[in-house]
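The following exercises are to be worked through with the sequence and the model in view. Each task is followed by a solution in steps.

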Amino acid sequence: MNPESGPESQPVSELQRLTGVFHSPASVFANIVQAGRWWIPLLILTVLAVVMISAVQSRVTVDQMLARALDNNEQFQQLSAEQKEAALSSQRKIIPYAMYGGALFGNVVILLVVAGALLFVFNLLMDGKLKYKNSLNICAYSMLPPGIVGALAMLMVLYLKPPEEFDIQTALAFNAGAFLPNSASAWLKALAGSFDLFTVWNIFLMAIGFSRAIPKMTTGKAFGAILIPWIVWVLLKTGWAAMFG
């Protein structure tokens, strides 16, 4: 792809890239592929994640989180009273740090892995001839709209619901897992939770990005190619939940 050809190669500011992925992704992704700064949307998402976790921990206690998470956990319910208290005591110490660790490094790990997996798929199966930076740019800017909207919606629900009723896993009813009863099996929750509106939005934006990065690649074909590693991930996650959930 020649970054100097066509109207899409006109100079684009960083603000235009960041806002364009919300309202006109098709018009900015050609520039994002070549000239994007993937670390900027990543930084925005990381700061927002830290803010969100800080808000959750200031409103919902660790004991309330544990109560919702373990209420229907069969393995936990089978423990003796002493074992339960020992497990809870350990979790009370770990959870606050784990949540902040996820906020600080979660998006980084997701971006690096997803960009690498899609680079492999598109270069091997689609003869994409892309560089890792191209894939990082596409994936980072694609994560921004669903990431920001999802975090803001989560914060709104956090302050609308009573703290004892808030569950960070199912706070937003935008995935099939949110409609399952608490008694549903772990593998079913993992499978249903994968069918998420924000995930579809993210995949669609990445499909637009890769279709602009590879000549003669359609958005539909790119969408199908992205589904390959996504399906593998869903199967692995569901299988893990079935064995250890």
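## Exercise 1: Helix 10

Helix 10 bends by about 25° at Ile228, a kink placed shortly before the proline Pro229. The model is a predicted one.

**Task.** Establish the length of helix 10 and how its span relates to the expected one, then determine which elements its buried residues pack against.

**Solution.**

Step 1. Helix 10 covers residues 219-244, a run of 26 residues. From the first C-alpha to the last it reaches 37 Å, which is close to the 38 Å expected at 1.5 Å a residue.

Step 2. Next, list the buried positions, taking buried to mean under 20% relative accessible area. In helix 10 they are Ala222, Ala225, Ile226, Trp230, Val234, Thr238 and Ala241.

Step 3. Finally, identify the packing partners. The buried residues of helix 10 pack against helix 6 (81-125), helix 8 (186-193) and helix 9 (197-213).

## Exercise 2: Aromatic pairs

**Task.** State how many aromatic pairs there are, and describe the geometry and placement of the pair formed by Phe174 and Phe198 and of the pair formed by Phe195 and Trp230.

**Solution.**

Step 1. Counting ring centres that lie within 6.5 Å yields three aromatic pairs.

Step 2. One of them joins Phe174 and Phe198, with 5.3 Å from centre to centre and 75° between the planes. Since an angle over 60 degrees counts as edge-to-face, the pair of Phe174 and Phe198 is edge-to-face. This pair links distant parts of the chain, 24 residues apart: Phe174 is in the loop between helix 7 (132-160) and helix 8, while Phe198 belongs to helix 9.

Step 3. Compare the exposure of the two partners. Phe174 has a relative accessibility of 38% and therefore counts as partly exposed, whereas Phe198, at 13%, counts as buried.

Step 4. Phe195 and Trp230 also form an edge-to-face pair, at 5.7 Å centre to centre and 80° between the planes. Because Phe195 lies in the loop between helix 8 and helix 9 and Trp230 in helix 10, the pair ties together parts that are 35 residues apart in sequence.

Step 5. Phe195 is partly exposed, its relative accessible area being 47%. Trp230 is among the buried residues of helix 10.

## Exercise 3: Salt bridges

**Task.** Give the number of salt bridges in the whole structure, and place the bridges of Arg17 with Glu14, Arg92 with Asp63 and Asp127 with Lys129.

**Solution.**

Step 1. The search of the whole structure finds five salt bridges.

Step 2. Arg17 and Glu14 meet through their side chains at 2.6 Å, N to O. Both residues lie in helix 1 (residues 14-23), three residues apart, which is about one turn of the helix. Arg17 and Glu14 are both buried. A network of salt bridges links Glu14, Arg17 and Arg37.

Step 3. In the bridge between Arg92 and Asp63, the closest N and O atoms are 2.6 Å apart. Here distant parts of the chain are linked: Arg92 is in helix 6 and Asp63 in helix 4 (residues 62-70), 29 residues apart. Arg92 is partly exposed, with a relative accessible area of 30%, and Asp63 is partly exposed as well, at 43%.

Step 4. Asp127 and Lys129 form a salt bridge whose closest N and O atoms are 2.8 Å apart.

## Exercise 4: Positive phi angles

**Task.** What are the phi values of Lys129 and Lys216, and where do these residues lie?

**Solution.**

Step 1. Lys129 has phi near 55°, a positive value in a residue other than glycine. Its place is the loop between helix 6 and helix 7. With a relative accessible area of 64%, Lys129 is exposed.

Step 2. For Lys216, phi is near 65°, again positive in a residue other than glycine. Lys216 lies in the loop between helix 9 and helix 10, and is exposed at a relative accessible area of 86%.

## Exercise 5: The chain as a whole

**Task.** Describe the secondary structure, the dimensions and the burial of the protein chain.

**Solution.**

Step 1. The protein chain has ten helices and zero strands.

Step 2. Along the principal axes, its C-alpha atoms fill a box of roughly 70 × 35 × 25 Å.

Step 3. Of the 245 residues in the chain, 39% are buried. The exposed surface comes to about 13,500 Å², of which carbon and sulfur atoms supply 67%.

Step 4. Among contacts with a separation of 6 or more, 67% are between residues 24 or more positions apart.

Conventions:
Residues are numbered from 1 along each chain as its sequence is written. Side-chain values use heavy atoms; hydrogens and water are left out. Helices (H or I, at least four residues) and strands (E, at least two) are DSSP runs, numbered from the N terminus. The expected span of a helix is 1.5 Å times one less than its number of residues. The bend at a residue is the angle between axes fitted to the seven residues ending there and the seven starting there. Buried means under 20% relative accessible area, exposed over 50%, partly exposed in between (1.4 Å probe, protein chains only). Contact means heavy atoms within 4.5 Å. Rings of Phe, Tyr and Trp (its six-membered ring) pair if their centres lie within 6.5 Å; planes under 30 degrees apart count as stacked, over 60 as edge-to-face and the rest as tilted. Accessible areas come from the Shrake-Rupley method with a 1.4 Å probe; for residues, only the protein chains shown count as cover. A salt bridge is a side-chain nitrogen of Lys or Arg within 4 Å of a carboxyl oxygen of Asp or Glu.
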